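Work through these exercises with the structure open. Try each task before reading its solution.

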Amino acid sequence: MARPRVPLLSRERIREAALALIDRDGLAEVSMRKLAAALGVQAASLYGHYPNKDDLLDDIATGIMSHVDTSAFDTAGWAEALAAWARSYRSALVAHPNFVPYLAAGPGRRAENLRAADAVHGGLVGAGWPPRYATMIGAATRYLVMGSTVGSFAGGFADDVQVYRDRYPHLNQAHLLRAVAEEIDDDSFELALTSFIAGLDATYAAVVAH
């Protein structure tokens, strides 16, 4: 009986396999050798598509960031556009929390990051924000998004009530959080985002619309 054919390598197949390994094992645990084993090939086969691991990771980063939508800055007010961008940004990252530290390491040199930054900065300045404020708003939004995706707050609690009941009386319901972690995390992000934009709206009135 003939052996099943191994699908031909492609950059897309390599990226997908690498991201699956990162999602499962974490960024630090992934090597070209481990990736080759997962694909059923020799490590040397990968280097015809990606000269090194960093080149592969940059391509994965580009793919993730390509899903971030900044189009609302062309059609909506700055507050609505900022919220839409932040939600789109988080949606692109939240599925791959293990990859977020790589995205955070060098955003100022990747084309997709620069495209988004240009759209956000231009939209805010076009709405009347001074350039310095536009820069700070973009940075602060990025901190908010990335901070909400690197790990689950609610998911970090044990589901054993005894861990908290005796020593931490104000956390006597904390053992319930893991069961609704995704809901808590999503709602917490929304609370932070809407509060942030409400604060910016007050600042806008003082700085721009005075």
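**Exercise 1. State how the chain is divided, and how far apart the centres of the parts lie.**

Solution. This is a predicted model. Start with the bounds: domain 1 covers 1-66, and domain 2 covers 69-209. Next, take the C-alpha centre of each domain. These centres lie 30 Å apart. Then turn to the contact. Domain 1 puts in 15 residues, and domain 2 puts in 13 residues.

**Exercise 2. Find the area buried between domain 1 and domain 2, and the share given by carbon and sulfur atoms.**

Solution. The buried area is about 1,300 Å². Carbon and sulfur atoms give 68% of that area.

**Exercise 3. Count the salt bridges between domain 1 and domain 2, then check the pair D58 and R110.**

Solution. The count is 1 salt bridge. Now look at the side chains of D58 and R110. They meet at 3.1 Å, N to O. The cut-off for a salt bridge is 4 Å, so this pair qualifies. For polar contacts, the interface of the two domains holds 6 residue pairs, both residues at pLDDT 80 or more.

**Exercise 4. Which elements give two or more residues to the side of domain 1 that touches domain 2?**

Solution. Two helices do so: α1 (11-25) and α4 (53-65). Compare their shares. The largest share comes from α4, with 8 residues. Last, sort this side of domain 1 by class. There are 8 nonpolar residues, 3 polar residues and 4 charged residues.

Key:
Residues numbered from 1 in each chain as written. Predicted model: local features only at pLDDT ≥ 70, side-chain atom pairs only at ≥ 80, totals over all residues. Heavy atoms only, no water. Domains from an automatic or database assignment. Contact = heavy atoms within 4.5 Å. Buried area = accessible area lost by both parts, 1.4 Å probe. Polar contact = N/O pair within 3.5 Å; in protein donor to acceptor, adjacent residues only side chain to side chain. Helix = DSSP H or I, 4+ residues; strand = E, 2+ residues; numbered from the N terminus. Nonpolar A, V, L, I, M, F, W, Y, C, P; charged D, E, K, R; others polar.
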